[in-house]
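Here is a friendly walk through one protein chain, from its domains down to single side chains. Have the structure open as you read.

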Amino acid sequence: MTTTQSYSSDVAFTPAVKAIQARKGSRGGYAHMEDGGGFRTEIDEALAAFIGEQTSFFLATANAEGQPYIQHRGGPAGFIRILDKTTLAFADFRGNRQYITQGNLSENPKAYIFLIDYVNRRRIKIWGEARVVEDDPALIATLMPKDYKAKPEQAILFKITAWDSNCPQHIPMKFDAADVAAAIAERDARIAELEAEVARLKQKSAS
């Protein structure tokens, strides 16, 4: 009896995907990756640090008919919480109240998180299953970022199946407006300091 070995990366590399990889010549490299264990399945220190820095991410879901939907979620650094080595959670802030993500998850728990760091040109892909928690005010309060001006409506828990990182190819380097403003303010302060020093030296040489 022949048994087919499964890998954590099978969440993305379905038979159809593997067939295309074989036809286009990349299957060997990914098969080698699979032999090494496939995608990672638990949050390590590097991923935890990366998640802790993020102020934005994209959450993908699909309804029972397979129609996909991607929703942006944002908040202060640290708003994505790590509950354990395979569970992420965040407060779901009130928005336009379309509830497409919640409706999709009620029919199909499979979900996907995409994290991207434009400054350092890094991206992380996380596959898993998600569920909405509406009736746990203590949990929602715990997940709410301190002093953040938003109304938490519920919580979303995300159970990780597998995760992987991408190469930086084609990621444009972008900077947050707050970081740019801080850098400009620091530059301007230094310019003012140097101009004052030049003026002092000119006055000293003239006397």
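Domain bounds here come from an automatic or database domain assignment. In this predicted model, that assignment gives domain 1 (45-166) and domain 2 (175-206). The C-alpha centres of domain 1 and domain 2 lie 41 Å apart.

The UniProt record, an unreviewed entry, carries the annotation "domain: Pyridoxamine 5'-phosphate oxidase N-terminal" for residues 43-163. Strand makes up 47% of that span and helix 20%, and its end C-alpha atoms are 9 Å from each other.

**Aromatic rings**

Next, the aromatic side chains. A pair of aromatic rings is described by the distance of the centres and the angle of the planes. The structure holds seven aromatic pairs. One of them joins Phe39 and Trp127: the ring centres are 5.1 Å apart and the planes meet at 15°, so the pair is stacked, because planes under 30 degrees apart count that way. Phe39 sits in the loop between helix H2 (27-35) and helix H3 (45-53), while Trp127 belongs to strand S6 (residues 122-133), so this pair ties together parts that are 88 residues apart in sequence. Phe39 is buried, with a relative accessible area of 6%, and Trp127 is buried too, at 14%.

Another pair is formed by Phe93 and Tyr148. Their ring centres are 5.3 Å apart and their planes stand at 45°, so this pair is tilted. Phe93 comes from strand S4 (residues 87-93) and Tyr148 from the loop between helix H5 (137-143) and strand S7 (152-166), which puts the partners 55 residues apart. Phe93 is buried, with a relative accessible area of 13%, whereas Tyr148 is partly exposed at 33%.

Which residues form one aromatic cluster? They are Phe13, Tyr30, Phe39, Tyr112 and Trp127.

**Charges over rings**

Two rings also have a charged side chain over them, as the table shows.

| Charged residue | Ring | Distance from ring centre |
|---|---|---|
| Arg40 | Trp163 | 4.0 Å |
| Lys174 | Tyr118 | 5.1 Å |

**Around Ser8**

Ser8 gives another view of the surroundings of Phe39. Ser8 is found in the segment before helix H1 (15-24). Is Ser8 buried or exposed? Its relative accessible area is 17%, so Ser8 counts as buried, the limit being under 20%. The side chain of Ser8 reaches the backbone oxygen of Phe39 at 2.5 Å. Leaving aside neighbours within four places in sequence, Ser8 is in contact with Gly37, Gly38, Phe39, Thr41 and Ala162. Phe39 therefore appears both in the stacked pair with Trp127 and among the contacts of Ser8.

**Backbone angles between S4 and H4**

Finally, have a look at the backbone. Most residues other than glycine have a negative phi. Arg97 has a positive phi of about 60° although it is not a glycine. Tyr99 also has a positive phi, near 60°, and is likewise a residue other than glycine. Arg97 lies in the loop between S4 and helix H4 (100-107), and Tyr99 is found in the loop between S4 and H4 as well. How accessible are these residues? Arg97 is partly exposed at 47% relative accessibility, and Tyr99 is partly exposed with a relative accessible area of 34%.

Notes
Residues numbered from 1 in each chain as written. Predicted model: local features only at pLDDT ≥ 70, side-chain atom pairs only at ≥ 80, totals over all residues. Heavy atoms only, no water. UniProt positions renumbered as here; feature names shortened; annotations may be inferred. Helix = DSSP H or I, 4+ residues; strand = E, 2+ residues; numbered from the N terminus. Phe/Tyr/Trp six-rings, centres within 6.5 Å; stacked < 30°, edge-to-face > 60°. Buried < 20%, exposed > 50% of the residue type's maximum accessible area, 1.4 Å probe, protein only. Lys NZ or Arg CZ within 6 Å of the ring centre and 35° of its normal. Polar contact = N/O pair within 3.5 Å; in protein donor to acceptor, adjacent residues only side chain to side chain. Contact = heavy atoms within 4.5 Å.
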